[in-house]
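Colleague: Thanks for making time to go through this model with me. Could we take it as a round of questions and answers?

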Amino acid sequence: MVARLVIAAPSSGAGKTTVATGLMAAFAGRGLAVSPHKVGPDYIDPGYHALATGRPGRNLDAFMCGTDLVAPLFAHGARGCDLAVVEGVMGLYDGAADQGELASTAQVAKLLRAPVVLVVDASSQSRSVAALVHGFASWDPEVRIGGVILNKVATDRHEHLLREALGESGVPVLGVLRRAPAVSTPSRHLGLVPVAERRAEAVDAVRAQAEQVREGCDLDALLALARSAPPLGGDAWSAEAALAGAFGQGLAGTGLPDAGAAGAAGAGGFGAGERPVVAVAGGAAFTFSYAEHAELLTAAGADVVAFDPLRDEKLPEGTRGLVVGGGFPEVYAPELSANEALRDAVAALARSGAPVAAECAGLLYLARSLDGRPMCGVLDADARMSERLTLGYRDAVAVSDSPVSAAGTRLRGHEFHRTVIEPGAGASPAWGLRQPERRVEGFVVGGVHASYVHTHWAALPDVARRFVAHCRP
């Protein structure tokens, strides 16, 4: 039994991240072990959550992982904690396009049987706030809105009008927050600037958010609401159990055909003392990753070692496999290009046939160039920044055999970038996509699998097993 709250809002921009992160930090400051979670595929907010709680921020994505995995992944992250705070995505009832409630904050709240706290941007309304809250509270009777936090309130008079209006709604006001520049976090082309790029300033911002929440919110009432959540049955997810087939095989809950058996082809264990080193890119340029990926690689028999392509001039000693996830290489293109020694090492590893898994930022790093600056040259393609935002969930099928998946394996992923790569696919593409239009994309070259599509390996743990198996010399 873990006390839990879902922090939601009527729309994006209401202040969910500020409130959720502030609550996490404020409760952690009280000595509680707080488990941080984020609905959807977002990588950046969980970095602030981790800073607030001292625990890994974890994602709950009903589209990519399936509805059946939401509660087990939540329980995995919240194991041993006193309280879990789940930050929602977009508006409370907004989910995957043309998929009803799928992947919405409301759906996740129902799967977790968790009370919802609605964060309302009250900056341009007074009595109308009651109609808005009433509408959200009554839209779906299975969603329990246990209270509201009013954000961006201007004056004491404004607060009085809001409280008076909400007094008739039956939804208690659990917090009132004034406008406060100190709690803001800078944004750029893909959202907030990640913690790794502004650690000192991020620490100050999280501290200010915690102080604002302590002053403006009824923490005792919020904790009591969290503790009113009923017991959540079922087993917690674990990487070991997932690899044994207990979780995630066949994308449970997504309705996609099961290609898990094909995905496991070529898998096999290592003997004692034969754990291969899998290098995972990190640092300021590569901040996008799911904690479960490293856990699955470790459970599959690898030693996972992080390195920073901005600083390290060689790969970790004994590297037999490489994972380069998402991030912002376009921001650090000059520095990445200047690290010629590491670029050469990555290219040499790829030429050796070792498995390399690259997603989005990793795809750009492996390209011949990025905005005209030399990159690793593993792929015969060039990347550049674009004005167009590519964003959305994807249904994907593996087109080519690779260390990530066998041809025919199906999974769900997500694209989020303002860059383009030309050509968009190699002679052996990585994925065939069904939406928003049918196309192939990405590259499979030797042991390299590079694509714009972000994936969550908890949905198909055989990705990790297969990858580690290909690390054999």
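Modeller: Happy to! One term before we begin: two strands pair if DSSP finds at least two bridges between them. Please keep in mind that this is a predicted model.

Colleague: Then let's start with that pairing. Which residue does Ala-358 stand opposite in E21?

Modeller: Strand E13 covers residues 356–359 and strand E21 residues 448–451. The two pair in the parallel sense, over 4 bridges. Opposite Ala-358, the residue in E21 is Ala-450.

Colleague: Nice. Which strands stand at the edges of the open sheet?

Modeller: The sheet has 6 strands with mixed pairing, in the order E11-E10-E12-E13-E21-E20. Two strands have a single partner each, so one side of each is left without a neighbour in the sheet. Those edge strands are E11 (303–307) and E20 (443–445).

Colleague: And by how many degrees are neighbouring strands of this sheet turned against each other on average?

Modeller: For the open sheet in the order E11-E10-E12-E13-E21-E20, the average ignores strand direction. Between neighbouring strands, the turn is 15°.

Colleague: Two helices lie across these strands, I think. At about what angle to E12 does H15 run?

Modeller: Let's take the other helix, H13 (residues 340–351), before that: H13 lies across E11, E12, E13 and E21 and runs at about 110° to E12. Helix H15 (residues 462–469) lies across E10, E12 and E13. The angle between H15 and E12 is about 145°.

Colleague: On to the aromatics. How many residues apart in sequence are the parts that Tyr-43 and Tyr-290 tie together?

Modeller: The structure holds 7 aromatic pairs. Among them is the stacked pair of Tyr-43 and Tyr-290, with 4.6 Å centre to centre and 25° between the planes. Tyr-43 lies in the loop between strand E2 (34–39) and helix H2 (45–53), and Tyr-290 in the loop between strand E10 (277–281) and H11, so the parts they tie together are apart in sequence by 247 residues.

Colleague: Is Tyr-290 buried or exposed?

Modeller: The cut-off for buried is under 20% relative accessible area. Tyr-43 is buried at 13%. Tyr-290 has 4% relative accessibility, so it counts as buried.

Colleague: Which residues do ring pairs link into a cluster?

Modeller: Besides the tyrosine pair, Phe-288 and Phe-328 form an edge-to-face pair, 5.4 Å centre to centre with 80° between the planes. Phe-288 sits in the loop between E10 and H11, and Phe-328 in the loop between strand E12 (319–324) and helix H12 (333–338), 40 residues apart. Both Phe-288 and Phe-328 are buried. The cluster linked by ring pairs consists of Tyr-43, Phe-288, Tyr-290 and Phe-328.

Colleague: What arc do the buried residues of H11 cover around the axis?

Modeller: In helix H11 (residues 291–299), the buried residues are Glu-292, His-293, Leu-296 and Leu-297. They are on the same side of H11, because the arc they cover is only 135°.

Colleague: A last one, about Arg-79. Leaving aside neighbours within four places in sequence, which residues is Arg-79 in contact with?

Modeller: Arg-79 lies in the loop between helix H3 (67–78) and strand E4 (83–87), and its 46% relative accessibility makes it partly exposed. Its C-alpha atom is 9.3 Å from that of Met-1, although the two are 78 residues apart along the chain. Contact here means heavy atoms within 4.5 Å. With the sequence neighbours set aside, the contacts of Arg-79 are Arg-55, Ala-236 and Trp-237.

Methods: Residues numbered from 1 in each chain as written. Predicted model: local features only at pLDDT ≥ 70, side-chain atom pairs only at ≥ 80, totals over all residues. Heavy atoms only, no water. Buried < 20%, exposed > 50% of the residue type's maximum accessible area, 1.4 Å probe, protein only. Arc of directions from axis to C-beta. Phe/Tyr/Trp six-rings, centres within 6.5 Å; stacked < 30°, edge-to-face > 60°. Axes fitted to C-alpha atoms, helices over the stretch in contact; angles between N-to-C directions.
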